[in-house]
Every structure is written in structure tokens, then in C-alpha cells.
2 protein chains.
Amino acid sequence: MAAPPSGDAPAVDRSRDAERTKAEILAVAAHEFADKGYDGARVDEIAAKTSTTKRMIYYYFGGKEQLFIEVLERSYAVIRSIERDLDVEHLDPIDALRSLAELTFDHHESHPDFVRLVSIENIHRAEHIAHSTELAGLANPALDVLTRILDRGRAAGYFRDDVDALDVHMAISAFCVFRIANRHTFNAIFGRDMLDPARREHHRRMVGDLLVSYLTSR
Amino acid sequence: MAAPPSGDAPAVDRSRDAERTKAEILAVAAHEFADKGYDGARVDEIAAKTSTTKRMIYYYFGGKEQLFIEVLERSYAVIRSIERDLDVEHLDPIDALRSLAELTFDHHESHPDFVRLVSIENIHRAEHIAHSTELAGLANPALDVLTRILDRGRAAGYFRDDVDALDVHMAISAFCVFRIANRHTFNAIFGRDMLDPARREHHRRMVGDLLVSYLTSR
DNA sequence: CGTAATGTACGAACTGGTGAGTTAGTTGTA
DNA sequence: TACAACTAACTCACCAGTTCGTACATTACG
């Protein structure tokens, strides 16, 4: 299961490479599911955008549903890996919190497909995640980081103590996800593009300010 | 065309009532679209859950897409009407802001189908709203209320002046929408039900606190 | 030559949409 | 009032196009 050594690259050996074929299918499927939704995505269309055939999707993944599950697993793995690499122990609790918020902000902005996949999965009431041993119940590294930040902040007397890490994580995610996930209806109704680069820095600072002012209040 | 007088009610005359039939189709369709998504919902299934037939859906609405658009229009009309009735002019800007945030919180919590419909519409990049003369571009009454609250708050020296009504509205919506829209993946991954009644009051106060502390900071 | 990997062709079930005809109610008029 | 003419509301059966999935054949690697 672990990525194949691939040490001395077989180079241009494109065909007859199972891992390559699987990876290509997953990449195309991720984009297609994010673009059209689970029900809107077509297995035939995914296959067509691949250099292989539909038969391979069934050969490697078993079906549309399992393919979607693996797409989700792969998408969550990306953000987890980034969060795991975040080191804010050396920072002041307030700056650490701001860093985490901005990291979340940046990741969501640069991975709109991930945000869409999560929205889609919520429409389906997370039934696919429930069927994934890799995703269900496994906590998020960001939560550990956040827990330590809050502990330090409270110990230093900066932060209020009636909110836990999950609530803070929820508030940060809410802001960052909403900007991406709901930008279309928001734009259609209010005529403001939440992703306008001119407002990006303002919003990026706003998440941090929102949480910091809240946690340090009272 | 205008609704029949129906002054002295024809009472139990259930059949042959166009308005009743249309309303029934809309109600069933709203629930079905919210439940399964636009592509997941089946016109046949909507018809089956109705006391009328599929042909009537095409007779009155023209097609699946137009039916969905009317469902969206009707759903937005509900929240707009509630927001229009909100009167906070007599309140202190801070209390007024809190009232508006809590009104939004309550509405989203009690109308999960609306939140789902909006998510679904965003997956479709708001293309249906764009085709609706009733929805596209028409501003939200909540925005007018919010603008006045912010003006008063700034005039009184309470609020910072580098945020506009739309940003505040976005932050409030983000929190309220996220709780409902993403509760399934959140629960599957973190094992916490964001809708647990035990946390309801805490979250309800949190939206207000978040915004008030942010606006009064600096 | 055995087997993993791949391609082709096909089909059963489903889906949105429609054509054609029917029933109930309303209006005008003699 | 009687009744023909008209229209809105409705039903049913069916089609044309999709969609997921699979049986079967083929290729190439070790």
C-alpha cells in the first residue's frame, strides 16, 4: 500500500503501470466529482478524461461509490499532512492561533475542489465517510495543535476558558469554508465576489481578529 | 389567473384546485430536492409523493429545472420575510447586532432544508438563481438592517470602521450555515454533533460574542 | 505459458420529458 | 332552466436517450 519505491524510475514506461493508472483515475475523478457532484458525475465521463478506460475504474475501485470514497480519503490526507507539519509551539498563543487560522484560510482558498467535495459529502450526510475506515473517527492533527495553543493561552491568562478546541476549530472552518463554498449564491444575491483578491488580505486578517478578539474578551 | 375569490370557501373541494396542486408539488419538491440534491432527486419520485401526477409538474412548472428554481425562490422568500419583520431600531447597536445574529442562527437551525438547498445551489454554481429574476441581484433586507446597526454603532464610537455590512453578514452566515451544512462530516470525523441541544445555547451566544468582540475591538 | 492489466461491446434499468386523450367546471344563450 | 361550447385541470402510456455495470476477448510482462 505504501507508495512504491520507484527509486530508479522506470521513466517513460507509461502503459502497464497499475499505480500510475490508479493515480490518474483518482485525479480525474476528484476533479469530476468536485465539479458535478456525486450524482452529477458520470463514470463514463471520468473514464473518457483518462488515458485508460471505464473497465479500469471497476477493475481498480469496484464502482462509482468506492471511487468517490477513495477520492475523499485522498483529499483529506492532503490537509492532514499540511496540518501535521505546522509548528507553532515557539509562538505566542495569540500569534499561534492566528497562524493556524491563516493556514486554514490559505488551504481552503487554494483547494476549492476539496471544499466542494466536503459540501457534496455533507449533502449525502457523510455516508461515504462512514464507510471509510481511514476517515471515520480519526481526529484531525489541527485539533491537537489547537488544544495546546488554547491551553497555553489560558495558562497565560490571555484566553477565556469556556470554549474548547472543537468550537474554535468550528468557527475558523466556518469562516474559511463559507467564503469558498457559498461564494456563488453570495455573489448572485449580493453582487460581491468573496474571492476578489482585493478583499483577500482583509478577510485573512479578519478570521484571526474574529477569533483572537473573541478568545481574549471577557 | 388571479387566485379564485374562494371567499366563502368551497371547503372540501380538494380536486380541480390549481393553486393547491401547485403548492403541494412545491412542498414535496422542496423536501425531495433538499434531501437528495438536484441530480439525486427524481421527478417521478416527487410526483409519486404527491396526490397528483408527473404530468402536472410539467404542466405547471415546465420541467425539473424550473421546478427547482421555484423551490429556491420560495425558500428565500421565507427568510426575507422574517428579516423584513425584524425591528431592532429601538435597541442599543450591540444588542441589535446580537439580535440579528441570533435571528439568523434560529432561522438556519429551524430550516435545515433551506441550508441544504443553498448548498446544493452552490454546487451548481448558482446557475439556477442566475436564471431567476426574482432572486438574482435582489438584496437582502437583513443587509439594510445591518447597515443601520453598524452606522449607529460607529457613530456612538462602539464599532470599528474597517468592516462593512456585507462582511459582518458573511461572518454571521458562515457560522450559522456551517453548523447545519457541515454537521455530517464534522460529526463523522470529530464525533461531535453540532446540533446537540446541550450546546445550542453556547453556540447561539458564541455567534453574537464573536461579532461583538470583533467589532468593538481595536 | 500463466497471470495481471487492459480494451470492446453490450445490456438492463432508469430518467426526464411528451403526445394524446379524458374529466370537471364555467360561461353564454335561448 | 337546459344545454351546447369552451377551457382548465388532470391521467396514462410511452419514448428516446442515458447510465452503471459486466461478459468476454486481448495484450504483454515475467
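In this predicted model, Phe175(A) touches Val207(A) and Leu210(A) of its own chain as well as Ala171(B) and Ala174(B) of the other, residues up to four places away in sequence not being counted. Phe175(A) also belongs to the largest nonpolar core, which comprises 123 residues. Within this core, the residues with the most contacts are Phe33(A), Phe175(A) and Leu211(A), together with Phe33(B), Phe175(B) and Leu211(B).

The contact between the two protein chains involves 44 residues of chain B and 45 residues of chain A. On the side of chain B that touches chain A, the elements giving two or more residues are α6 (112–123), α7 (127–130), α9 (165–181), α10 (183–190) and α11 (197–216) of chain B. Of these, α9(B) provides the largest share, with 10 residues. When the residues on this side of chain B are sorted by class, 24 are nonpolar, 13 are polar and 7 are charged.

The arrangement of the two chains was examined by superposition. A turn of 180°, with a shift of 0.0 Å along the axis, lays chain B on chain A with an RMSD of 0.1 Å. The two copies are therefore related as by a two-fold rotation axis. The same surface serves both copies, in that 100% of the contact residues of chain B recur in chain A.

A further surface is found around DNA strand C, where 21 residues are located, and those that come nearest are Ala18(A), Thr52(A) and Arg55(A) from chain A and Gly63(B) and Lys64(B) from chain B. The elements that give two or more residues to this surface are α1 (18–36) and α3 (54–61) in chain A and α2 (43–48) and α3 (54–61) in chain B. The largest share, amounting to 4 residues, comes from α3(A). By class, the surface near DNA strand C has 10 charged residues, 6 polar residues and 5 nonpolar residues.

Beyond the helices, Arg218(A) was considered individually. Arg218(A) lies in the segment that comes after α11 (197–216) of chain A. Because Arg218(A) has 10 C-beta neighbours inside 10 Å, and a residue with 12 or fewer is classed in this way, Arg218(A) counts as exposed. The C-alpha atom of Arg218(A) is separated by 8.9 Å from that of Phe159(A), although these two residues are 59 residues apart along the chain.

Definitions and conventions:
Residues are numbered from 1 along each chain as its sequence is written. Chains are lettered from A and ligands numbered from 1 in the order in which they are written. This is a predicted model: local features need pLDDT of at least 70, side-chain atom pairs count only at pLDDT 80 or more; totals for chains, interfaces and linings use all residues. Copies are superposed by least squares on the C-alpha atoms of residues with pLDDT of at least 70 in both. Two residues are in contact if their C-beta atoms, placed from the backbone, lie within 7 Å. A residue is near a molecule or strand if its C-beta atom, placed from the backbone, lies within 6 Å of it. Ala, Val, Leu, Ile, Met, Phe, Trp, Tyr, Cys and Pro count as nonpolar, Asp, Glu, Lys and Arg as charged, and the others, Gly among them, as polar. A residue is buried if 20 or more other C-beta atoms lie within 10 Å of its own, exposed if 12 or fewer, and partly exposed in between; C-beta atoms are placed from the backbone. A nonpolar core is a set of buried Ala, Val, Leu, Ile, Met, Phe, Trp, Tyr and Cys residues joined through C-beta atoms within 7 Å.
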